[in-house]
Amino acid sequence: MVGMYTATQGGSTFSFKATDPDEGVRLTAVWSTIVYNSGDDRWPPTTDQPKIYNFELCYAYKPLMEFEWLDYRGGSMLDLSSDDNVRILKDYAAQSNGFFFCISGKYLRDPVTEANLQEIAVDSQANLMSNYLQDLNLNSTRPDQNKSFPIVIIVTMYDYCYHRDKRELIEDVKKIFPPLFASNSGWLVMICPVTLGKELAQNSDNGKIEPKNLDVPVAFVLYSILTEQVQIQQEKLREIEDRLDDLESSNRVNQWINRAEIKKLNKSFEQADMQFKKTIEMINILAREQDLSSTDIYLSGKRIQIDLN
């Protein structure tokens, strides 16, 4: 999370900041420690209690949207459902607008086979992550074609997997979560390998920090939300246009009677069209800056290509 936060601070027209300035300073300080320190003091302590962070995504320093990020103890999924931390996690997941599932590259150093698939699913807790997807269905929030519910499967510590063919690695990840890639499932999924540095697999205390792909998961979620907004805006334009056609195709008497409404609708259409084009422009800029055309994104099991035009 700290890496993702700092990765979007420069080099892009989109930025990512904490709504609480003090929290932003703290996260930046943690990142500085990771980059410049070594040994046991380099890495922050693991999370012991759930903590909610509030972030804001901006375009050209102008706020686009706010969202919450729940940071929780990874072992929470192994606790009994009566545990307070588990209840917090389940309640939060049921109301969320997307998931980041993290699979450590340590479990993917070797190919996934029928012999080791179940062991990897248990050790990486992928089987428990799947339970949260089933809970979505039980809570009547199953994703469909009309509403985006982005899921990012993040292969963390990709430095452990650099020796592997990337396409083979992607196929192995799909084996771990087969329901997400089923035909007509409606799931929108990105598989994204990330690393803090190639040297860290061999030397975590002193290896060089060279982040790769840390900002891509957030960019994909933003792309999904903006794409959904475009569909809503496009529908609004159609409704205004249909109403205008009805009024302007009537006889001159009715046109005169409805002249105030026609004027108001024309103004509404201009404003809606301007917002629509602005959103399209933001989507194209985001896709080009993050080169989302080369990422591994699937809809109902089929790999989809993001158009940069």
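**View 1. Residue V253 is exposed.** The relative accessible area of V253 is 55%, where exposed means over 50%, buried under 20% and partly exposed in between (1.4 Å probe, protein chains only). V253 is found in helix 8, residues 252-257; helices (H or I, at least four residues) and strands (E, at least two) are DSSP runs numbered from the N terminus. The model is predicted: local features need pLDDT of at least 70 and side-chain atom pairs pLDDT 80 or more, whereas totals for chains, interfaces and linings use all residues. Residues are numbered from 1 along each chain as its sequence is written, and side-chain values use heavy atoms, without hydrogens and water.

**View 2. Five strands form an open sheet.** The strand order is 4-5-6-7-8, with mixed pairing; two strands pair if DSSP finds at least two bridges between them. Strand 4 (99-104) and strand 8 (302-304) stand at the edges with a single partner strand each, so one side of each has no neighbour in the sheet. On average, neighbouring strands are turned by 30° against each other, direction ignored.

**View 3. Strand 7 and strand 8 run antiparallel.** Strand 7 (residues 296-299) is joined to strand 8 by three bridges. L299 has K302 in strand 8 as its bridge partner.

**View 4. Helix 6 lies across strands 5, 6, 7 and 8.** Helix 6 (residues 166-176) runs at about 35° to strand 7; axes are lines fitted to C-alpha atoms, for helices over the stretch in contact (heavy atoms within 4.5 Å), and angles run from 0 to 180 degrees between N-to-C directions. Helix 7 (residues 216-248) also packs on the sheet, touching strands 4, 5, 6 and 7, and its direction makes about 170° with that of strand 5.
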